[in-house]
Amino acid sequence: MASLEFSEVAEEESSRTSRDINIQATPVTKLPNYFRAKKTQNILILGSLSAGLGSTWRFPYLCHQNGGGSFLLLYVIMLLLLGIPLLHMQLAIGQWLRVENLQVWKKLVPFLGGVGYASILASFLVSLYNSALISWNLFYLGCSFSHPLPWSHCPGLEDNHTASGLPCLRTVPPQYFWYHTMLGISTRMEEGVEVLVLKLSLCLLVTWTLLCFAMVARIKFSILMLISSMFLSTIFLLCFFIRGLFLEGAVASLRRLVITELSTLASLDMWCQAGSHVLYSLGLGLGTIITFSSYQAKDDNYFTVASFVALLNLVTSILATSTIFLVLGYWATTSGRPCVQKSVSSLMMLISRGLLPQEAKPPKKIVFGPPQFYLDWISNLPLYLQDTVIRLSPPCNILVQEGKFMESPGLAYVAYSQAILLLPGSSFWAIIFFMALVIMGLSTMMILLEGIVLPLQTSITSFKKYPSMLPVITCLVGFMGSLIFTSSSGSYVLFLFDDRLVPMILSIIVAFQNLALAWIYGARRVREEIFNQLDCRLWTPLVFLWSYLTLPILLFLLSVCLMYLYVEAVPYYTSWNSTVSQEVKQPYLKTMLGWVTFLSILTLLPVLIYPLQHWWYSEDPVSPDILNKPLVSRKTPMRFSNWSMNPLKRHTNKSQTEGSSSEVSLTLIKSSRVAPTALEPANIRLPVRDERSSFFSLTHLASLLTMSNSSFRPSRQANESSTEAKVIKPEGAQKENTRPNSAQ
């Protein structure tokens, strides 16, 4: 990205007298076509990122776990106080600095330059388990071409074994299909990690192959594709919602989504989940928004774009959750004792028609007892009648635990497949719906992967020469890393990533970003420079939120995540007990929590290492005898440009600028490094203040201490760049160069 900086400096120096200058970045790396899109397409891409898997898959089961309306209220609060301000911040700095995610933090606060690398690692982790979700969609899409749909009946009834038929009475067919047919689930997380489910592994291979082909071929995103990826699934959800309103007991369940229990608002874990989902669903902390906005045309209406993206995210989340709550209400009404009554009535009708013998007649009082009595009666039937009774029983759940069918991440898939069965021509609806989910997931993954590939291509020379090499490597490593999610316990590992690992990492990364911009670099300073450069005035309340509210909220979220992971009781996950066909809660093993700690440290390691690297290459201690020698043509890395146009301006000492600024003209060359002016004393090395660092940075404090002792250390960069720049001085200034060396 170095050539980008050189072109910007040259443009600023040549037109310094003009107030309105639009800095246009010309990237070295060939950009994907959708990164050169127009304004309408840009908004649609941001909308497809926010209204993707986070809204249609993750938000519904979180809302179901946390009481419905209470979680929705907390999410709206977090969206207003945290989501929109931070989204506005990332859009603004991308347009302001015109560089991708890796270079932004190096320019603002050099000691926090590792935040960009941490964002890339976090984005890669999210891409791993998002690819597993797309493989689930592909599997459902492949099964949708059969008629009747395989989840319309219990697959265990296809065999003539009573042991496989009895569990079908304890659950609904879509749930049985999810756990047994598709996932091949194990009972515990530690069981079956080494056993891969072949059909899911093949779907995962197809997913990464499609992604690799799309990134290497650089397929263009048209407006039609963006609209279909963003709105097509929403249209189907609206159809499911309208159909669900006419289901028995559905409206009663929908009340859970609008009723808020004030007692649940005291749950810290609920606040943490709401805040972390805002970060995940909007893509904050992944670096994609900054990289994407840096290559777009000038657009000063950041607040409108951020508000539109957040509103689209909220509407899609509410629509998807409402549809699933309608299906949950239908299950609750038709399960348990109503299911027993329906089964007994069906058996009596078949007996009266002569399709079943009189031995299959259930007792009269069985409908008034617990549902378990009905299962015990079936178990005591002769073997030749058990299979027949089970086959002819209606598809409903005899046993229900506290009215909650599913608390696992698979809730959305099971509920959507049940909603499809309620529509006429269900196979057609299933093909179109899951195809829309596949397109939406692939578009989201392409944006995430381009946020990884593009910054690395512009920073590493080898990837510039071979632009197709990095996408292939990324997709290959991604496929190998995501194979664990296709194992028998892969859904449990995915839940561990989604519930514990990613929220903690995103909270830390976004906290560092907020700290670097608003507290170290300065929110007011950012506001002034964006106004001078882009002629855009940031909204004052948003700047206030950056400075005083978003960082404390992020630290609160991080504290709660750490507390529930290491301090409080052992966290649990929802597993499937195939013996009784019910979900049970299992505690995480310490080994699994140790992997969470290891991956968290590995992802955040660049944030810790980069300050040491920056310090090592910025200053090097030298012996005192070197400082006593005259300074011979030692260059210092400086850039002279208008303060309002360049946030990276390096100021010279006041004594250097007085009386000589109008006499010295500099010629910018490719390295953008210049020599000290002639007015600088030869025997004293003046410190160079880097405005990218804050007042509290180590470099600035070291400079202050050095100035107080009247001895200065030359930087390592200055020694290495002694031959990279040239100074052209007018004749009047050369006379000044002949005066004897003296200390100020």
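This is a short tour of one predicted chain, stop by stop, with something to select at each.

Before you click, note that this is a predicted model, where local features need pLDDT of at least 70, side-chain atom pairs count only at pLDDT 80 or more, and totals for chains, interfaces and linings use all residues. Residues are numbered from 1 along each chain as its sequence is written, and side-chain values use heavy atoms, with hydrogens and water left out.

**The whole chain**

Start with a cartoon view. You should find 30 helices and two strands; these are DSSP runs numbered from the N terminus, with helices being H or I of at least four residues and strands E of at least two. Of the 744 residues, 58% count as buried (buried is under 20% relative accessible area, exposed is over 50%, partly exposed is in between, using a 1.4 Å probe and protein chains only). Switch on a surface and you are looking at about 31100 Å² of exposed area, with carbon and sulfur atoms supplying 63% of it (Shrake-Rupley method, 1.4 Å probe; for residues, only the protein chains shown count as cover). For contacts between residues at least 6 apart in sequence, 83% join residues at least 24 apart, where contact means heavy atoms within 4.5 Å.

**The core and helix α8**

Now select Trp-96 and Trp-178. Within the largest nonpolar core, which has 181 residues, these two touch the most other members (such a core is a set of buried Ala, Val, Leu, Ile, Met, Phe, Trp, Tyr and Cys residues joined through side-chain atoms within 4.5 Å). The helix that gives the most to this core is α22 (residues 490–534), with 23 residues. A second, separate core has 23 residues, among them Leu-166, Ala-360, Leu-375 and Val-389.

Stay on Trp-178 and show its surroundings: beyond the neighbours within four places in sequence, its contacts include Trp-136, Tyr-140, Met-406 and Tyr-413. Then select helix α8, residues 173–183, where nine of the 11 residues are buried. Trp-178 is one of those buried residues, as are Phe-177 and Met-182. Just after α8, look at the backbone of Gly-184, which takes a positive phi of about 55°.

**Ring pairs**

How many aromatic pairs does the structure hold? There are 30, counting rings of Phe, Tyr and Trp (its six-membered ring) whose centres lie within 6.5 Å, with planes under 30 degrees apart called stacked, over 60 edge-to-face and the rest tilted. Select Tyr-140 and Tyr-413: the centres are 6.0 Å apart and the planes are at 15°, so this pair is stacked. Tyr-140 belongs to helix α6 (residues 114–143) and Tyr-413 to helix α18 (residues 411–421), so the pair ties together parts 273 residues apart in sequence. Both of these tyrosines are buried.

Next, pick Tyr-416 and Phe-433, an edge-to-face pair at 5.3 Å centre to centre with 75° between the planes. Here Tyr-416 of α18 meets Phe-433 of helix α19 (residues 426–459), 17 residues apart, and both residues are buried.

**Charges over rings**

Show Arg-58 with Tyr-280: the charged end of the arginine sits over the ring, 5.1 Å from its centre. The criterion is NZ of Lys or CZ of Arg within 6 Å of the ring centre and within 35 degrees of the ring normal. Arg-525 does likewise over the face of Tyr-521, at 3.9 Å from the ring centre.

**Inside α19 and α14**

Go back to α19 and select Leu-449. At 0% relative accessibility, Leu-449 is buried. Beyond its neighbours within four places, Leu-449 contacts Ser-127, Trp-208, Leu-211, Met-215 and Thr-474. Draw a C-alpha to C-alpha distance from Leu-449 to Cys-475 and you get 8.7 Å, for residues 26 apart in sequence.

In helix α14 (residues 302–334), pick Thr-316. Thr-316 is buried at a relative accessible area of 2% and touches Ala-51, Ser-55, Thr-56 and Thr-234, residues up to four places away not counted.

**The hairpin and Tyr-566**

Select β1 (residues 572–577) and β2 (residues 582–587), which pair in the antiparallel sense over six bridges; pairing needs at least two DSSP bridges. Tyr-573 has Gln-586 as its bridge partner in β2. Four residues lie between the strands, and Ser-581 has a positive phi near 55°.

Finish at Tyr-566 in helix α24 (residues 550–567). Is Tyr-566 buried or partly exposed? At 42% relative accessibility, Tyr-566 counts as partly exposed. Leaving aside neighbours within four places, Tyr-566 contacts Leu-593 and Thr-597.
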